[in-house]
Structures are given as structure tokens and as C-alpha cells.
Amino acid sequence: MKNDSGMQVQKYHVNDLPSATSEVPKHLQGKKPAVFLDYDGCLSPIVQDPDKAVLSEEMRSTLKRLAEVCSVAVVSGRDRANVKDLVQLDNIYYAGSHGFDISGPDDMHTEPGGAAAAIPALDKAQEELKERLQDVQGLFIERKRYAIAVHYRNVAEDQVPKVLEVVKQVISEHEALKPGPGKMIMELKPNLDWHKGKAVLWLMEKLELNKPDIVPLYIGDDLTDEDAFATLQGQGIGVMVGEHGQQTAASYQLEDVAAVQDFLEAIIQTLKP
Ligand SMILES: O=P(O)(O)OC[C@H]1O[C@H](O[C@H]2O[C@H](CO)[C@@H](O)[C@H](O)[C@H]2O)[C@H](O)[C@@H](O)[C@@H]1O
């Protein structure tokens with residue numbers, strides 16, 4: 001597989017990756033990072049109920065201070081408004097719905113992936129899923145502006161194949177949609193060549209960060225973050241948090257959300273005037 005720059009993407013076992021804490025600061029000497037962060041599993045631990053994935057005050061403080069010394073964006077699969085409500089900071093950028101919906105300081109808002117045309121299909125698919133999966137106990141269908149996440153974390157194991165089959169069928173009935181797996185979710189996404197990695201490149205360009213002394217640094221934990229890790233190979237740094245059961249295109253790893261916070265605090269220290 002090649003990335004957006006035509007480079008062959010290297011994949012690794014997460015256990016073979018060096019620690020970001022010990023290695024990344026060396027690569028940042030004399031340079032400044034532009035920090036892109038996933039939300040669930042990176043800034044907030046994975047929990048049973050997506051509504052309960054709140055940001056700790058400590059992590060909010062870390063992000064606020066980080067954004068005072070470098071550019072920061074949260075690049076999430078969540079709805080943009082939802083992730084902004086969770087983070088509650090005005091001095092950072094938010095890319096919601098896997099990068100299709102981007103906002104930032106000074107009322108900046110743009111939808112660079114062209115997903116608006118997929119809304120009728122998403123609306124229809126949402127109704128179909130609700131009807132066809134109404135009897136499945138524990139199922140949660142989360143509608144985002146440009147995606148639908150079908151959560152099966154709280155569904156009995158023997159019901160999961162049925163859920164996945166229905167999602168597959170519904171997607172097959174809508175050319176405008178494609179599947180996207182995640183941690184105990186299957187998503188319906190616009191069938192477009194746009195993802196978190198492209199959103200990162202778009203933000204780098206828009207914020208005029210494509211300079212020799214600025215290094216894009218992406219931290220994430222899930223399969224959708226692989227697009228960003230792959231995009232940044234050869235032109236930035238990818239850091240995998242925990243694991244998602246498959247090989248990764250990230251180059252470094254951090255154990256968990258607490259390690260992410262310590263790592264970000266260390267970056268703040270190196271960037272302080
Ligand atoms: O890109 P992210 O910011 O990591 O968002 C990915 C998905 O995160 C949420 O679901 C995940 O976290 C939930 C809360 O911890 C968990 O219950 C669920 O099993 C995970 O898949 C969010 O609800 C989804 O919309 C995002 O796509």
C-alpha cells in the first residue's frame with residue numbers, strides 16, 4: 001500500500017515500536033511539532049458508553065497549554081460539535097466525522113472532503129438500521145454529521161454477526177456509503193477518498209505549517225488513525241496508543257491515555273520559551 005505521497009507504507013507490530021517518550025523528543029530538537037490528536041482511546045479512555053468518555057480537567061489543562069506553544073488539532077471520528085463539547089477549548093482545531101468537518105478559532109469552518117452529497121444516503125441508512133436492528137439489546141446507533149457508528153460493545157456476542165451482516169447489507173444498498181471498522185463499532189462513511197490523514201495534510205496547508213522546522217505529530221489508537229499514520233510516514237511522526245489488534249503504520253508507541261498526557265507535558269516543557 002502506498003501513501004498520499006506515493007511512498008510504500010511500512011507496517012509494524014506495536015510491541016516492536018520504540019517508546020515515543022524516549023525517542024520523539026530527539027527528533028524534535030530545534031523543531032516544533034504540529035500536534036494532531038485522536039479523541040477516544042487517546043485523550044480519554046475507552047468506556048462502555050460513548051457519552052461517558054469525558055475529558056479529564058488535567059488533560060484539558062495540558063491541551064490548553066500545548067496549544068499556547070504549538071498548533072493543536074483534535075481529529076476524531078466523533079461528530080465535530082460533540083468532540084468540541086467534550087474538549088471545550090477555543091484555541092485548537094477540530095476535525096470531526098473522520099476529518100470531513102473541520103472548525104477552528106475565529107469561526108473557521110470548512111468541509112474539505114465534499115461529504116455533503118452523502119447526507120441523503122446517511123439519513124436513509126440511519127432509518128434502515130434503526131428499523132432492522134431495533135430488537136438488538138445493547139445496540140447503539142450514533143449519528144454523526146458525516147458518518148453513522150453502529151456500536152456493538154454492549155451487544156451479546158451471539159448477536160454481533162447479525163449486526164455486522166445488517167450493516168453490510170445496508171451499505172451495499174447505498175453507493176454513496178462505505179464501511180469503516182473501529183473498536184467495537186462498524187461505521188457507515190461517505191464513499192469518498194478522504195480520511196484523517198488527508199484532513200491532517202489539509203490543516204497543515206491551511207495553517208501554513210508546511211515549513212522545514214515544523215514536524216506533524218499524530219497520536220491515535222484506532223484503525224481509522226492508521227490513515228493518518230500512513231499519510232505521515234516520511235513526512236512526520238505517528239504514535240500509536242495501546243493497540244487495535246492489527247499491524248500499525250505508526251513509528252512509536254505510548255501505553256495509554258496517562259502516557260499520552262505525560263508525553264504532551266514533556267513536549268510543552270521543551271517548547272516553553
Ligand atoms: O477517532 P476517535 O476520536 O477515536 O473516535 C472513534 C470513535 O470513538 C467513539 O467510539 C469509541 O469510544 C467509545 C467510548 O470510549 C467506545 O464505547 C466505543 O466502543 C469506541 O469505538 C465514538 O463513539 C465514535 O463515534 C467514534 O467514531
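Modeller: Two residues count as in contact if their C-beta atoms, placed from the backbone, lie within 7 Å. Please keep in mind that this is a predicted model.

Biologist: Which elements are included in what covers the buried residues of helix 5?

Modeller: The buried residues of helix 5 are Val-163, Val-167, Val-170 and Ile-171. What covers these buried residues includes helix 4 (119-132), strand 7 (147-151), strand 8 (177-182) and strand 9 (185-190).

Biologist: Why are the buried residues on the same side of helix 5, and what arc do they cover?

Modeller: An α-helix has 3.6 residues a turn, so residues three or four places apart point the same way. In helix 5 the buried residues are Val-163, Val-167, Val-170 and Ile-171. They lie on the same side of helix 5 because the arc they cover around the axis is only 100 degrees.

Biologist: Which residues are exposed on the other side of helix 5?

Modeller: A residue is exposed if 12 or fewer other C-beta atoms lie within 10 Å of its own. On the other side of helix 5, the residues that are exposed are Pro-161, Glu-165, Lys-168, Gln-169 and Ser-172.

Biologist: What distance separates the centres of domain 1 and domain 2?

Modeller: The protein is divided into domain 1 (14-113 + 194-271) and domain 2 (116-190). Taken over C-alpha atoms, their centres are separated by 26 Å.

Biologist: From which domains does the shell around the ligand draw at least three residues each?

Modeller: The ligand is surrounded by 22 residues, and the closest are Tyr-39, Asp-40, Pro-50, Ser-76 and Gly-77. By class, the shell has 8 nonpolar, 7 polar and 7 charged residues. At least three residues come from each of domain 1 and domain 2.

Conventions:
Residues numbered from 1 in each chain as written. Predicted model: local features only at pLDDT ≥ 70, side-chain atom pairs only at ≥ 80, totals over all residues. Near = placed C-beta within 6 Å. Nonpolar A, V, L, I, M, F, W, Y, C, P; charged D, E, K, R; others polar. Domains from an automatic or database assignment. Buried ≥ 20, exposed ≤ 12 C-beta atoms within 10 Å, placed from the backbone. Helix = DSSP H or I, 4+ residues; strand = E, 2+ residues; numbered from the N terminus. Arc of directions from axis to C-beta.
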